[in-house]
Amino acid sequence: MSEAQLTSYENVPYDSKPLYPTHPDCLATVATLVGMQPVAVDHCRVLELGCATGGNLIPMAETLPNSRFVGIDLSPRQIASGRAVVDALRLTNIDLRPMSILDVDEDFGPFDYIICHGVYSWVPPEVQDKILSICARNLSPNGVAYVSYNTYPGWHARGMVREMMGFHARQFSDAPTRVQQARAFLEFLLRSVREPDGAYGRVLKEEAELLRPEADYYLFHEHLEDVNQPLYFYQFAQRLAARRLQYLGESWLHTNPGAFPPDVQSVLQELSSDLLHLEQYIDFLTNRTFRRTLLCHDRIQLTRAPSAKTVSTLQMTALARPVAPPPDVSSSAVGAFRADDGLTVSTNIPVVKAALVSLFEVWPAALSFDALWSAVCLRLAGTPDSATESARSPELLAESLLQCYLSNLVAFHVRASRFVRQAGPRPVASPLARHQSASGSPITNLRHRIVQLSDSDRRVLSYLDGSHDRPAIVELLKRAGGAAESGLTLAESLEASLQRLAQSALLVQ
């Protein structure tokens, strides 16, 4: 990172937040599915390159106390902010250091998981090379590394818009004005383009819709920095091979050839000589713009077709909910489920419908495969369409769940998040969440995600340190001027709030 880049990150800090696709559980799960034996998430060493304020690493350190975390970032300002949180939480298993990626050497020792999110495309070639060098040299024998990057072909269109915004904004010196002017110029282009429904107009519209809800820091560092170097997937794979590393998979939004029509799948197989070619051709088909790629040492033998036995060792959580009315799991009638991204998927397979409904009912908690199989059998007991053994076999469930995983309807885990779904007599919330509530920061839950809370729920959260029972919390709320929800007493409002906090995966007792 150049001096100019350092100055920009000091002046416009990047909002550091939890990213579940970088979590060791997510990385270890993908590795397990392709035949690796990754280091246990509960006892591992994790390095994050470009950790900013530690918003991604600190929640991991809190929930995995027996693991060790090291984060580095070139910005002293951001490291200082992160250290203040670490000190406030009295965490002893995390070390945040203000230093350059170029200065990481053998003395750092081996790490079981290496994370590099939002860095690779935004640094010069020598730093890109160093990132892969660290992955090759500092990754433990069964380690997994995560590197995200902007990719073509999708970034050809985005890059065009970025260059136009940058051309206009370069005449302004301060960051807030540059961002404001870049936004205004893009809106001007969108309003004034001669053919709004033409190819060029659609590109402008898509980029404007993507950037409008994004924070200024995102637009500044994504579109107004000097360095942003996308590349094709095959080029990244070549760089891995030069470092004796190999492509493991994607940590999220997995490549799923089965999502294409049969005739498309057939042509893809004809065109692709191996997995890397297939991945590149699918990027061409989907106009992919961003990858979250996992890698490991090339001496590791991988199994690219996960077995039902492997799936049966994992835990599962729902990423989709039934579309009203709830599906009839007792027949072959079609049932619809909606994923977090709004995509609706339909199925008429009773075992799949029963599994998705069962997972949704316990959300946000996870179920082991055996517990899910028991729940499915209970739902299907006595139903005519599932009377045969083949229609109710655990192997069919495992194969179906794998397809749901590839379609982002279900998440798999080697180590699911730990929290309680019901508040105890003296409720306890995550110390990090209580700290964030007191400071007015976004709240990170125990599933390694940001959750949105009302002001009243934030107030309740701040009292959940385990020293107060419900009557005591009600008294604290009264003293603070807390108001009951419409039609409820303050005690009833508290109970409703505790239920929402539990459902948000914020309570540990």
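Here are some numbered notes on this predicted model, from its central sheet to its salt bridges and cysteines.

1. **The sheet as a whole.** A good place to start is the open sheet of seven strands, whose order is β3-β2-β1-β4-β5-β7-β6, with mixed pairing. Its edge strands are β3 (94-98) and β6, each of which pairs on one side only. From one strand to the next, the twist averages 20°. If you colour by strand, keep in mind that in a regular strand the side chains alternate between the two faces of the sheet.

2. **The β3 edge.** At this end, strand β2 (residues 68-73) pairs with β3 in the parallel sense, over five bridges. For a spot to zoom in on, take D73, whose bridge partner in β3 is P98. Helix α5 (residues 125-138) packs on the sheet and touches β1, β4 (111-116), β5, β6 and β7. The direction of α5 makes about 165° with that of β5.

3. **The β6 edge and strand β7.** How many bridges join strand β5 (residues 139-150) to β7? There are six, and the two strands run antiparallel. Within that pairing, Y149 stands opposite R291 in β7. Strand β6 (residues 245-250) is also antiparallel to β7, joined to it by five bridges, and here Y247 stands opposite L295 of β7. Six of the eight residues of β7 (residues 290-297) are buried, so this strand is largely enclosed by the rest of the structure.

4. **A salt-bridge network that includes R291.** Across the structure the count comes to 17 salt bridges. Some of them form a network that links E250, E279, D283, R288 and R291. You will recognise R291 as the residue of β7 that has Y149 opposite it. E250 belongs to the network too, and residue 250 closes the range of strand β6 (residues 245-250).

5. **R418 and D42.** These two residues form a salt bridge, with their closest N and O atoms 3.4 Å apart. R418 sits in the loop between β13 (410-413) and α17 (431-439), and D42 in the loop between α2 (24-33) and β1 (45-49), so the bridge ties together parts that are 376 residues apart in sequence. R418 is exposed, at a relative accessible area of 52%, while D42 counts as partly exposed at 23%. The cut-offs help in reading these two values: exposed means over 50%, and buried means under 20%.

6. **R158 and E207.** Are the partners in this salt bridge buried or exposed? Both R158 and E207 are buried. Their side chains meet at 2.8 Å, N to O. R158 lies in helix α6 (residues 154-169) and E207 in helix α8 (residues 199-211), so to speak two distant parts of the chain, 49 residues apart.7. **E187 and R212.** The closest N and O atoms of this salt bridge are 2.8 Å apart. E187 is in helix α7 (residues 175-192) and R212 in the loop between α8 and α9 (216-223), and the pair links distant parts of the chain, 25 residues apart. E187 is partly exposed, with a relative accessible area of 24%. R212 is partly exposed as well, at 45%.

8. **Helices α18 and α20.** What angle do the axes of helix α18 (residues 455-462) and helix α20 (residues 490-503) make where they cross? They cross at roughly 85° and come within 10 Å, which makes α18 roughly perpendicular to α20. On the α18 side the contact is made by D457, V460 and L461. On the α20 side, L494, S497, L498, R500 and L501 take part.

9. **Cysteines.** A search of the whole structure finds zero disulfides. For C26, the nearest cysteine sulfur is that of C44, 14 Å away. A disulfide needs the two sulfur atoms within 2.5 Å, so C26 is in no disulfide. C26 is buried, with a relative accessible area of 4%. C404 is in no disulfide either, and its nearest cysteine sulfur, that of C377, is 16 Å away. C404 is also buried, at a relative accessible area of 7%.

How values were computed. Residues numbered from 1 in each chain as written. Predicted model: local features only at pLDDT ≥ 70, side-chain atom pairs only at ≥ 80, totals over all residues. Heavy atoms only, no water. Buried < 20%, exposed > 50% of the residue type's maximum accessible area, 1.4 Å probe, protein only. Salt bridge = Lys/Arg side-chain N within 4 Å of Asp/Glu carboxyl O. Helix = DSSP H or I, 4+ residues; strand = E, 2+ residues; numbered from the N terminus. Pairing = 2+ DSSP bridges. Axes fitted to C-alpha atoms, helices over the stretch in contact; angles between N-to-C directions. Parallel < 35°, antiparallel > 145°, perpendicular 65-115°, else oblique. Contact = heavy atoms within 4.5 Å.
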